[in-house]
Amino acid sequence: MLTLSPARQKFWQIAHTADAELSIDHLLEGALAIAWEENPRMDLGHYRSLLDRMVSDLEPRLAAIAYPLKKVQAINQYLFTELGFQGNDHNYYDPLNSFINHVLDRRLGIPLTLSLIYMIIGDRLGFPIEGISFPGHFIIRPQHPDLEIFIDPYNKGEILFPEDCAAKLSQLYGEVVVLQPEYLAPVGIRRILDRLLNNLKMIYLRRREPDKALAAIERSLMLHPDIPTQWRDRGLICYQLDRYTEARIDLENYMKAAPYADDRPIIGRLIAEMDQEN
């Protein structure tokens with residue numbers, strides 16, 4: 001029987017928590033588990049304490065503020081001006097940008113990890129914030145009835161209205177894109193962790209590190225076991241690593257689950273090649 005590492009066991013427990021029970025604390029612990037697997041000697045308690053200190057610094061400031069927009073401005077001032085958190089424009093695809101420990105240490109990150117830190121701090125301050133899985137980006141929104149705004153932590157807490165989101169979308173894609181309501185819909189904890197893992201998967205595939213890409217896929221499948229494209233990608237990586245039995249199982253399952261996929265001829269040829277080799 002396969003023995004999971006402590007980090008993988010921790011992530012497995014979070015992945016098997018019911019959606020209704022998942023909280024911001026699970027988001028933090030899931031992000032820590034992802035970083036812990038990459039850094040087995042990491043001191044998880046140190047990073048929990050670091051976030052606690054940030055909350056303690058902000059508590060008296062926010063307690064004296066009545067207006068929600070002023071609270072956002074106070075958090076922005078602390079995180080982005082005083083502490084210097086910022087988006088890593090110079091090396092956006094550095095995998096360290098996806099690990100919460102390195103983001104806290106270096107104060108550099110990507111939209112998702114900077115948003116994650118903002119969400120954790122906001123929740124502990126009694127100022128809940130939800131994640132918005134914006135196409136090609138990630139932003140957040142305060143869950144306050146009197147505050148109809150979005151926040152972009154990657155751009156130092158830039159405050160956005162829906163029309164600003166529409167302009168940002170067109171800027172990201174280099175052409176006019178119509179803003180659809182679903183682009184501004186909140187996403188749950190499970191999907192945020194999955195997006196973090198998919199970011200790592202694509203980074204490691206680009207860097208030609210198949211073992212690490214495979215590890216990201218395996219944890220993604222803990223969150224969402226029935227995603228055929230993940231079976232396909234896991235099968236392709238296993239094929240690349242000469243793990244043919246595992247590759248064949250995943251690729252055959254993909255073929256059954258996706259009968260009209262455009263890549264069926266390619267996948268079918270790989271399965272046939274494995275048949276010939278055996």
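In this predicted model, the count of aromatic pairs comes to 4. One of them joins Tyr92 and Tyr93. Their ring centres lie 5.1 Å apart and their planes meet at 75 degrees, so this pair is edge-to-face. Tyr239 and Tyr244 form another pair. Here the centres are 5.6 Å apart and the planes stand at 65 degrees, so this pair too is edge-to-face. Both assignments rest on the angle, because planes over 60 degrees apart count as edge-to-face.

Ring pairs also build a cluster, made up of Tyr92, Tyr93 and Tyr154. Two of its members are partly exposed. Tyr92 has a relative accessible area of 29%, and Tyr93 has 46%. Tyr244, from the other pair, is partly exposed as well, at 27%. Tyr93 has a further contact with a charged side chain. Arg206 lies over the face of the Tyr93 ring, at 4.2 Å from the ring centre.

Tyr92 and Tyr93 also appear in the largest pocket. This pocket holds about 340 Å³ of space. Its lining comprises 14 residues. Those nearest the centre are Tyr92, Tyr93, Ile110, Arg195 and Asn199. By class, the lining has 8 nonpolar, 4 polar and 2 charged residues.

Two helices each supply at least two residues of this lining: helix 6, spanning 111-124, and helix 8, spanning 189-206. Helix 8 gives the most, with 6 residues.

How values were computed:
Residues numbered from 1 in each chain as written. Predicted model: local features only at pLDDT ≥ 70, side-chain atom pairs only at ≥ 80, totals over all residues. Heavy atoms only, no water. 1 Å grid on protein atoms, 1.4 Å probe; cavity = no way out; pocket = protein on both sides within 12 Å on 5 of 7 lines; lining within 4 Å. Points joined across faces, edges and corners; volume = space filled by probe spheres on them. Helix = DSSP H or I, 4+ residues; strand = E, 2+ residues; numbered from the N terminus. Nonpolar A, V, L, I, M, F, W, Y, C, P; charged D, E, K, R; others polar. Phe/Tyr/Trp six-rings, centres within 6.5 Å; stacked < 30°, edge-to-face > 60°. Buried < 20%, exposed > 50% of the residue type's maximum accessible area, 1.4 Å probe, protein only. Lys NZ or Arg CZ within 6 Å of the ring centre and 35° of its normal.
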